[in-house]
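User: I am new to reading protein models. Please take a close look at one part for me, the place where the ligand sits, and then connect that part to the rest of the chain.

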Amino acid sequence: MIGMHHHRSFCKPFASGSILPLIGAKFRYLEPSHDDVGRFYDQIDEAIRLEAEDPIEYAITLRYLQRYIPDPVTVADVGVGGGQYSELLARRGCRLHLADVSQRLLDAAVARLDAAGLGSQIESQRRASATDLSHVPTASCDVVLLLGPLYHLLTTSERRQAIGEAARLLRHDGLIFAAGINVLTYLRNILADDPEEFGWRRDFFLGQLFIDGNIALQPKQPAAMHLTTVAELRAELGTAFEEITLVGVESFASKIVGRRAYLHATPASRLCCKKF
Ligand SMILES: C[S@@+](CC[C@H](N)C(=O)[O-])C[C@H]1O[C@@H](n2cnc3c(N)ncnc32)[C@H](O)[C@@H]1O
């Protein structure tokens, strides 16, 4: 009975159309696998990873954003994480569209901008996947940061969809910064953490890892991360973009802390490209 009553009272505003658009705007449907990645990131300390663990990746990426992005422009930060790069760009007067599959990280990025007095520069913030950014108008951005999604999209067609969405958002000559994690980063992590694993997981390395590059985020879980090669990253972006520069942001020496940090793979290469 309680359920029935609840149901009836809920139906009324739906029928009048006054509540449905609001619900639709906040809780948009995500693909189950993208939802899972978002929930994974909801639970880890990604918001402070750059400062706490990856200062070299952070410094190199900042250098290239400073070098290539003119100010003040409109930027879509897709897979915004803790919002460090958005904050830098907002300080230079840029306007921002923030998107991430993790609600917790999206909130952290907004909080970071608010705390710096830059919240008014946020044009939109949305829990959304890089494969569907339909809330951002076509040809409305000068720069897209895709520093995260590509290495969580498992199929070529999903990665192409995300790259297509970035191209749709950009004006002619707009810039995309896209990150991939090199398949060799994973091998480096294994060698640093447990060299013997290299031997007993030979079939995995020679098989799956080098065939589709898809691995699980945690043991015994389905694959949720895609490791790439420079050739693959170039080929996928090359459908819509002309390469400006390819940058490696990691080396054996780049982690700030030791063994434990190597359990998490982090971006190994970035491409900065221009839309043609
Ligand atoms: C390792 S973090 C990188 C964060 C930040 N961009 C950086 O470069 O430090 C990866 C980010 O991408 C987000 N992400 C993963 N898959 C995504 C997708 N399909 N669409 C949007 N964001 C995604 C994650 O939630 C996470 O915030």
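Analyst: What follows starts at the ligand and then works outward through the chain. One caution comes before the details: this is a predicted model.

Start with the shell around the ligand. It is made of 22 residues. The closest are R49, G79, D100, A130 and L147. What kinds of residue form this shell? It divides into 13 nonpolar, six polar and three charged residues. Two helices deserve a look here. Helix α3 (32-42) and helix α4 (49-52) each supply at least two residues of the shell.

Now look at single atoms. Three side chains place polar atoms by the ligand. In D100, a side-chain N or O atom is 2.5 Å from an oxygen atom of the ligand. In R49, a polar side-chain atom lies 3.0 Å from a ligand oxygen. In S129, the partner is a nitrogen atom of the ligand, and the distance to a side-chain N or O atom is 3.1 Å. How much of the ligand does the protein cover? On its own, the ligand has 600 Å² of accessible area, and the protein covers 98% of that.

Next, step along the chain to S102. It lies in the loop between β2 (95-100) and α7 (103-115). Is S102 buried or exposed? Its relative accessibility is 0%, so S102 counts as buried. Its side chain makes a polar contact of 2.7 Å with the side chain of D42. Leaving out residues up to four places away in sequence, S102 touches G38, Y41, D42 and R127.

Now zoom out to the whole protein. It has 12 helices and nine strands. The chain holds 276 residues, and 50% of them count as buried. The protein exposes about 13,600 Å², and carbon and sulfur atoms supply 58% of that area. Take the contacts with a separation of 6 or more. Residues 24 or more positions apart account for 71% of them.

Y68 gives an example of partners from distant parts of the sequence. Y68 is found in helix α5. I244 is 176 residues away along the chain, yet the C-alpha atoms of Y68 and I244 are separated by 9.6 Å. Beyond residues up to four places away in sequence, Y68 touches L175, F177, I244, T245 and C272. Even with these partners, Y68 is partly exposed, with a relative accessible area of 27%.

Two helices show how burial can be arranged. Take α9 (residues 183-193) to begin with. It is mostly covered, with eight of its 11 residues buried. Those residues are V183, T185, Y186, L187, R188, N189, I190 and D193. What covers them? The cover includes α10 (195-200), α11 (202-211) and β6 (214-216). The start of α9 has a detail of its own. There, a side-chain oxygen of N182 reaches to within 2.9 Å of the backbone nitrogen of L184.

Now turn to α12 (residues 230-237). Its buried residues are L233, E236 and L237. Why do these residues lie on the same side of α12? They cover an arc of only 95 degrees around the axis, and that puts them on the same side. Among the elements that cover the buried residues of α12 are α8 (156-169), β5 (170-180), β8 (241-248) and β9 (269-275).

Last, check the backbone for exceptions. Most residues other than glycine have a negative phi, and most peptide bonds are trans. Three places here depart from those habits. The peptide bond from D71 to P72 is cis, with omega near -10 degrees. P72 has its place in the loop between α5 (55-68) and β1 (74-78). A139 has a positive phi, near 55 degrees. This residue is found in the loop between β3 (122-127) and β4 (141-146). A139 counts as partly exposed, at 38% relative accessibility. D173 also has a positive phi, near 75 degrees. Where is D173 found? It is in strand β5. At 42% relative accessibility, D173 counts as partly exposed.

To return to your starting point, keep the ligand in view as you turn the model. The protein covers 98% of its accessible area, and R49, D100 and S129 are good side chains to find there, given their polar atoms by the ligand.

Key
Residues are numbered from 1 along each chain as its sequence is written. This is a predicted model: local features need pLDDT of at least 70, side-chain atom pairs count only at pLDDT 80 or more; totals for chains, interfaces and linings use all residues. Side-chain values use heavy atoms; hydrogens and water are left out. A residue is near a molecule or strand if one of its heavy atoms lies within 4 Å of it. A polar contact is a pair of N or O atoms within 3.5 Å; within protein, one must be able to donate a hydrogen and the other to accept it, and residues adjacent in sequence count only if both atoms are side-chain atoms. Accessible areas come from the Shrake-Rupley method with a 1.4 Å probe; for residues, only the protein chains shown count as cover. Helices (H or I, at least four residues) and strands (E, at least two) are DSSP runs, numbered from the N terminus. Ala, Val, Leu, Ile, Met, Phe, Trp, Tyr, Cys and Pro count as nonpolar, Asp, Glu, Lys and Arg as charged, and the others, Gly among them, as polar. Buried means under 20% relative accessible area, exposed over 50%, partly exposed in between (1.4 Å probe, protein chains only). The arc is that of the directions from the helix axis to the C-beta atoms. Contact means heavy atoms within 4.5 Å.
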